[in-house]
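Me: I am new to this structure and would like to go through it slowly, one question at a time. Could you take me through the reasoning behind each answer?

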Amino acid sequence: MGAREMEERRIYLTKYKFIEDLDPRTYLHCMQCGYCTEGYAMAMPTVKTSTVSCPLEGIEDEPGFEPIWSRGKMQIIRALLEGRIEPSKELMEDITKCTLCGLCRQICHYGNDPNVSLPISRVADQDFVFEVLRAELIRQGIDPIPKHQDMLNSLRVNRVKDAWNPWATNPFGERKEDRDKWTQHLDFKIKDLREDDVTAEYLLHVGCTASYLYPDVAVAAAKLLHAAGVDFGYLYNDEPCCGWPAKKIGDWLMYKEEFAEPNIELFNRLYEEKGVEKIVAVCSGCTKMFYQEYYDDRFYSFFGFEKLKPDVLHLPELILDLIKEGALQFPEDGPKYKITFHDPCRTGRRLGLIETPRKIIEMVPQLELVEMRNNREFSRCCGVGGVVKDGHPELGLKIGMKRVEEAEETGAEYLVSVCPECKRGLAEAADAMKSKFAEEADDRFLKVYYKGKVRDLSEMLCAILGL
């Protein structure tokens, strides 16, 4: 038969494959009520004296700027599907201002109203929907915003092809060989799981932020595990990035082929050949990626990952077990620390690890906790989430400053979290504000890096134990 002209055929109803693969209830059931823009105390049983809203509220408050709110982004998705708007770089600029913190899901009226027979929170996951929107724009040929593109470029160029792990890289433009420099502050050597015949029960995964930007958190984690007699190993400068930046920016193909798939293969090999039964992650983002997103069956036809064989723990989970077992014991006397605690969005709202760090604090006699107005599942974002800090630095800083202001209201001496990314957001905000939390602390267990009073909980524990 001769060639004939054919009409273009299609599988999906529109060109937006990723959006169409979502459960349509996630964007069609939005009532446009505005709870996500203003918050509402009725939806907040643990925060009876305050309302909480999107962390951008009061920052990007220019009239009619709907895309910053959950409500506005739901309208954008509908408009794309209906053909009323087209993908554009301006749209990418706007939707990347969302921190993907998930607070809108927590305070959504339709998701929390006890009178609704099927709360939308049972099927909707707003921050995942907005991540899908970013991925869809990239799939449609819209480039990431410039600073996000710089991160993706860093993830690609900082690899060493002939290394033990050729996929090891970072998003900060740092050298691969500097990833393990923090280990020079240890008076012991962590097992090197790259070496033949070396085995360990736990793999310590430090993550990019603690490795390069806040190494004091990495040192504290290793010292606590060593003091407790934990059998753990480390991959040194061959430790991989979890892929969080690539996935949240929206380059899902890069995330799949250059991070998740090789990482799962690596960790499964460590499980089979090195006896690694558990990965203990220092960073809340790495924890969420390994535990939740590597397992996520949504978009299985696109991702289709193998099962990750080692179990995944966030560092505080293991620390709490070690305290209960008596492997870490704290003296009854000594200096007292009045602290307030910031819940990371990713391990708090997303993974539900809310009481674990508080139980640790309760079991340490030297720590006195004073809660912020917005705490636990209603905690405000530090400004780093959603790669906002890297893509829109000034915006991320302003979000962090609002959280630091809230912390100052408590009268606490220290602002504590359990995530190096949160430490980054809050510490930089405190410095910019000249907050009391930016003042130099004399009791730092490691007087080399950050000098202020924004701390990781692991650092506080090391200072108390004199490690």
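Reply: Before we begin, one term is needed: a residue counts as buried when its relative accessible area is under 20%, as exposed when that area is over 50%, and as partly exposed in between. Please also keep in mind that this is a predicted model.

Me: Is Arg424 buried or exposed?
Reply: The relative accessible area of Arg424 is 8%, and the cut-off for a buried residue is under 20%. Arg424 is therefore buried.

Me: With which residue does Arg424 form a salt bridge?
Reply: In the salt bridge of Arg424 with Asp390, the closest N and O atoms are 2.8 Å apart. Arg424 belongs to helix α20 (residues 420–433) and its partner to helix α18, so the pair ties together parts that are 34 residues apart in sequence. The partner counts as buried at 14% relative accessibility, and the residue asked for is Asp390.

Me: Which residue forms a salt bridge with Glu371?
Reply: The closest N and O atoms of Glu371 and Arg358 are 2.7 Å apart. This pair links distant parts of the chain, with Glu371 in the loop between β7 (367–369) and α18 (388–391), and its partner 13 residues away in helix α17 (residues 355–362). Glu371 counts as partly exposed at 25% relative accessibility, whereas its partner counts as buried at 2%. The residue that pairs with Glu371 is Arg358.

Me: How many salt bridges does a search of the whole structure find?
Reply: In general, side chains of opposite charge can pair when their charged atoms come close. One such pair here is Glu277 with Lys278, whose closest N and O atoms are 3.9 Å apart, and another group, made up of Glu131, Lys247, Lys248, Lys288 and Glu293, is linked in a network of salt bridges. Over the whole structure, the number of salt bridges found is 35.

Me: Which helix gives the most to the lining of the largest pocket?
Reply: The largest pocket has a volume of about 260 Å³ and is lined by 24 residues, with Leu100, Asp127, Lys288, Arg346 and Arg350 lying nearest its centre. At least two lining residues come from each of α8 (126–139), α12 (244–249), α14 (284–293) and α16 (346–350). With four residues, the element that gives the most is α14.

Me: How many charged residues does the lining of the largest pocket have?
Reply: Sorted by class, the lining of the largest pocket includes nine nonpolar and five polar residues. The remaining class is the charged one, and its count in this lining is ten.

Technical notes. Residues numbered from 1 in each chain as written. Predicted model: local features only at pLDDT ≥ 70, side-chain atom pairs only at ≥ 80, totals over all residues. Heavy atoms only, no water. 1 Å grid on protein atoms, 1.4 Å probe; cavity = no way out; pocket = protein on both sides within 12 Å on 5 of 7 lines; lining within 4 Å. Points joined across faces, edges and corners; volume = space filled by probe spheres on them. Nonpolar A, V, L, I, M, F, W, Y, C, P; charged D, E, K, R; others polar. Salt bridge = Lys/Arg side-chain N within 4 Å of Asp/Glu carboxyl O. Buried < 20%, exposed > 50% of the residue type's maximum accessible area, 1.4 Å probe, protein only.
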